[in-house]
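Let's take a walk through this protein together. Have a look at the model first, and then we'll go through a few spots one by one.

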Amino acid sequence: IVTGGIADDAVSEEHLDATALTGNAALAETPADTDEVLISDGGTLKRIDFSYIKSLAGTQIVYAERTGGNQTLSDNTWTKVEYNSDNYDPDSNWDTTNDRYIAPSAGRYYFTATAYLWGKLQNVHAQFYLNGSNLSDTYHIINFNTSDTTHECSVRSNGILNLSASDYVEFYAKSDVHSGSVTIDQIGTQFLAFRLD
């Protein structure tokens with residue numbers, strides 16, 4: 001292009017060829033959050049970081065479970081279920097020390113948690129806690145109302161939560177017993193979380 005060959009603001013499709021793209025190296029991976037693309041914002045060209053346009057649905061996933069032995073659930077006491085093994089946690093959002101999910105950024109998240117229990121149960125309750133406070137709309141209860149008999153059950157809660165960055169979510173259970181204590185078994189005790197948007 002010679003000086004003055006194309007006027008300012010006059011680069012259009014007739015001046016471009018596909019080799020402007022095909023002649024350059026391909027990015028063979030998901031763009032980094034700070035990679036930039038060019039867009040038209042109401043006719044004005046602007047650059048934008050990829051982080052603003054990528055989909056976050058299905059990301060920031062955690063799958064944790066209990067390993068290394070069972071946990072005792074005291075009678076009629078809300079007790080945090082200890083998921084001490086993060087089997088899948090690519091973004092390191094699970095706190096294995098405190099048995100909780102920590103939101104890396106603001107958004108809507110889906111949670112489901114299960115605890116497999118056995119003992120001489122009258123009933124068992126479960127719910128999520130957000131930042132140390134119970135979420136009553138995730139409350140779940142199983143009633144047996146039977147004699148002094150050993151029962152086995154899985155108690156579960158589900159929820160869609162609007163979280164801010166650094167919010168944390170835990171799963172708690174409580175049981176009334178005929179006698180003795182209740183065991184949370186390491187088998188069948190799992191916690192799953194992922195971002196919706």
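**A walk through the model**

Start with Ile160, which you'll find in strand E13, running over residues 151-163. Keep in mind as you look that this is a predicted model. Is Ile160 buried or exposed? Its relative accessible area comes to 52%, and the cut-off for exposed is over 50%, so Ile160 counts as exposed. Ile160 still has company from elsewhere in the sequence: setting aside neighbours within four places, it is in contact with Arg108, Tyr109, Tyr110 and Leu196. Ala193 sits 33 residues from Ile160 along the chain, and the C-alpha atoms of the two are 9.7 Å apart.

Now follow the chain out of E13 and into the loop that links it to strand E14 (168-177); that's where Asp167 is. Asp167 is an acidic residue that is buried yet has no salt bridge. Which side chain of opposite charge is nearest to Asp167? That would be Arg100, 11 Å away, whereas a salt bridge needs the charged atoms within 4 Å, so this pair doesn't make one. What Asp167 does have is a polar contact with Asn131, side chain to side chain, at 3.0 Å. Not counting residues up to four places away in sequence, Asp167 touches Asn131 along with Leu130, and also Tyr101, Ile102 and Ala103.

Since Arg100 has come up, let's go there next. Arg100 belongs to strand E8, which covers residues 100-102. Its relative accessibility is 18%, and buried means under 20%, so Arg100 is classed as buried. Its contacts, again leaving out neighbours within four places, include Lys80 plus Asn93, Trp94 and Asp95. Tyr168, Val169 and Glu170 are also in contact with Arg100.

Time to step back to the whole chain. Its secondary structure comes to one helix and 16 strands. Of its 197 residues, 34% count as buried. Among contacts with a separation of 6 or more, 71% link residues 24 or more positions apart. The chain exposes about 11,400 Å², with carbon and sulfur atoms supplying 48% of that area.

Finally, a word on confidence. The average pLDDT for the chain is 86, and 87% of the residues score at least 70. Where is confidence lowest in the protein chain, and where is it highest? The low end is helix H1 (residues 19-22), with a mean of 73, and the high end is strand E11 (residues 133-134), at 98.

Note on methods
Residues are numbered from 1 along each chain as its sequence is written. This is a predicted model: local features need pLDDT of at least 70, side-chain atom pairs count only at pLDDT 80 or more; totals for chains, interfaces and linings use all residues. Side-chain values use heavy atoms; hydrogens and water are left out. Helices (H or I, at least four residues) and strands (E, at least two) are DSSP runs, numbered from the N terminus. Buried means under 20% relative accessible area, exposed over 50%, partly exposed in between (1.4 Å probe, protein chains only). Contact means heavy atoms within 4.5 Å. Accessible areas come from the Shrake-Rupley method with a 1.4 Å probe; for residues, only the protein chains shown count as cover. pLDDT is the predictor's confidence in each residue, from 0 to 100. Lys and Arg count as positive and Asp and Glu as negative; His and the chain ends are not counted. A polar contact is a pair of N or O atoms within 3.5 Å; within protein, one must be able to donate a hydrogen and the other to accept it, and residues adjacent in sequence count only if both atoms are side-chain atoms.
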